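Open the model in your viewer and keep the sequence panel beside it. Take the stops below in order.

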Amino acid sequence: MKALLINCTLKPSPAFSNTGALIDKAVKLLELRDIKTEVIRIVDYDVKPGNSSDEGKGDEWPKVLSKIKECNILIIGTPIWVGHLASTAQRIVERLDAVFHEKELADKKTGQYFTYNKVAGCLITGNEDGAHSCAAQLLWAMQECGFTIPPNVNA
């Protein structure tokens, strides 16, 4: 099993991030269960705006998408900004939209999205400023893309 955890902090590496600190706790719990983990900060990649799997010259989303394809578990960690998801988390949701309209992202035999049979969850840093709303937005978007969302998969 492999888990990919995407830190949507607005701070590039190696700056401290509260979201990163929460992700580190999740990594320890996953590794106790012999799950391999990889953590990336989305701001360390040049992810262009759009809703395709590749927005052209300089777009590094294909690298991130490859990592998502290879994992069994996807966890998106995001801070809250003015009551909303960080723009970096929203960018991931927008780019995952390609699942719906790019046939290359579907299994050739079954026609199912590559996201099927993958589990997803989220970690939100913040609380009374909109944590439940942000978790709901992320989890809904991920299930809409075909990820399995088990109960109690947010923190």
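The tour goes from the strands to single side chains and then to the aromatic rings.

**Before you start**

This is a predicted model, in which local features need pLDDT of at least 70, side-chain atom pairs count only at pLDDT 80 or more, and totals for chains, interfaces and linings use all residues. Residues are numbered from 1 along each chain as its sequence is written, and side-chain values use heavy atoms, with hydrogens and water left out.

**Stop 1: strand β1**

Select residues 2-7, which make up strand β1. Helices (H or I, at least four residues) and strands (E, at least two) are DSSP runs, numbered from the N terminus. Why is β1 largely enclosed by the rest of the structure? Because 5 of its 6 residues are buried. Buried means under 20% relative accessible area, exposed over 50%, and partly exposed in between (1.4 Å probe, protein chains only).

Now add residues 36-41, strand β2. β1 and β2 pair in the parallel sense, over 6 bridges. Two strands pair if DSSP finds at least two bridges between them. To check the register, pick asparagine 7: its bridge partner in β2 is arginine 41.

Show helix α1, residues 18-32, as well. Together β1, α1 and β2 make a right-handed β-α-β unit. Right-handed means that, with the strands pointing away from the viewer, the path from the first strand over the helix to the second runs clockwise.

**Stop 2: strand β3**

Select residues 73-81 for strand β3. β3 runs parallel to β1, and 5 bridges join them. Find alanine 3 opposite isoleucine 73. Then find isoleucine 6, whose bridge partner in β3 is isoleucine 76. Of the 9 residues of β3, 8 are buried, so the strand is largely enclosed by the rest of the structure.

β3 also runs parallel to β5, with 7 bridges between them. Isoleucine 75 has glycine 121 as its bridge partner in β5.

Next, show residues 84-85, strand β4. The pairing of β3 with β4 is antiparallel, over 2 bridges. Tryptophan 81 bridges to histidine 84 in β4. The two strands form a hairpin with 2 residues between them. Click valine 82 in the turn: it has a positive phi of about 50 degrees.

**Stop 3: two threonines**

Go to threonine 125 in strand β5. Its side chain makes a polar contact of 2.7 Å with the side chain of threonine 19. A polar contact is a pair of N or O atoms within 3.5 Å; within protein, one must be able to donate a hydrogen and the other to accept it, and residues adjacent in sequence count only if both atoms are side-chain atoms. Leaving out residues up to four places away in sequence, threonine 125 touches Asn18, Thr19, Leu22, Thr78, Pro79 and Ile80. Contact means heavy atoms within 4.5 Å.

Now select threonine 88 in helix α3, residues 87-96. Is threonine 88 buried or exposed? Threonine 88 counts as buried, because its relative accessibility is 11%. A polar atom of its side chain lies 2.4 Å from the backbone oxygen of cysteine 8. Beyond four places in sequence, the residues touched by threonine 88 include Ile42 and Val43.

**Stop 4: helix α4 and valine 99**

Select residues 98-101, helix α4, and pick valine 99. At 3% relative accessibility, valine 99 counts as buried. Its C-alpha atom is 6.5 Å from that of cysteine 145, 46 residues apart along the chain. Beyond four places in sequence, valine 99 touches Leu105, Tyr113, Phe114, Thr115 and Cys145.

**Stop 5: the aromatic rings**

How many aromatic pairs does a search of the whole structure find? The search finds 2. Phenylalanine 100 and tyrosine 113 form an edge-to-face pair, 5.8 Å centre to centre with 85 degrees between the planes. Rings of Phe, Tyr and Trp (its six-membered ring) pair if their centres lie within 6.5 Å; planes under 30 degrees apart count as stacked, over 60 as edge-to-face and the rest as tilted. Phenylalanine 100 lies in α4 and tyrosine 113 in the loop between α4 and β5 (119-125), so the pair ties together parts that are 13 residues apart in sequence.

Add tyrosine 116: its ring and that of tyrosine 113 have centres 5.5 Å apart and planes at 85 degrees, so this pair is edge-to-face. Phe100, Tyr113 and Tyr116 form one aromatic cluster. Tyrosine 116 is partly exposed, at 35% relative accessible area.

Finish at phenylalanine 114, where lysine 69 lies over the face, 5.9 Å from the ring centre. A charge sits over a ring if NZ of Lys or CZ of Arg is within 6 Å of the ring centre and within 35 degrees of the ring normal.
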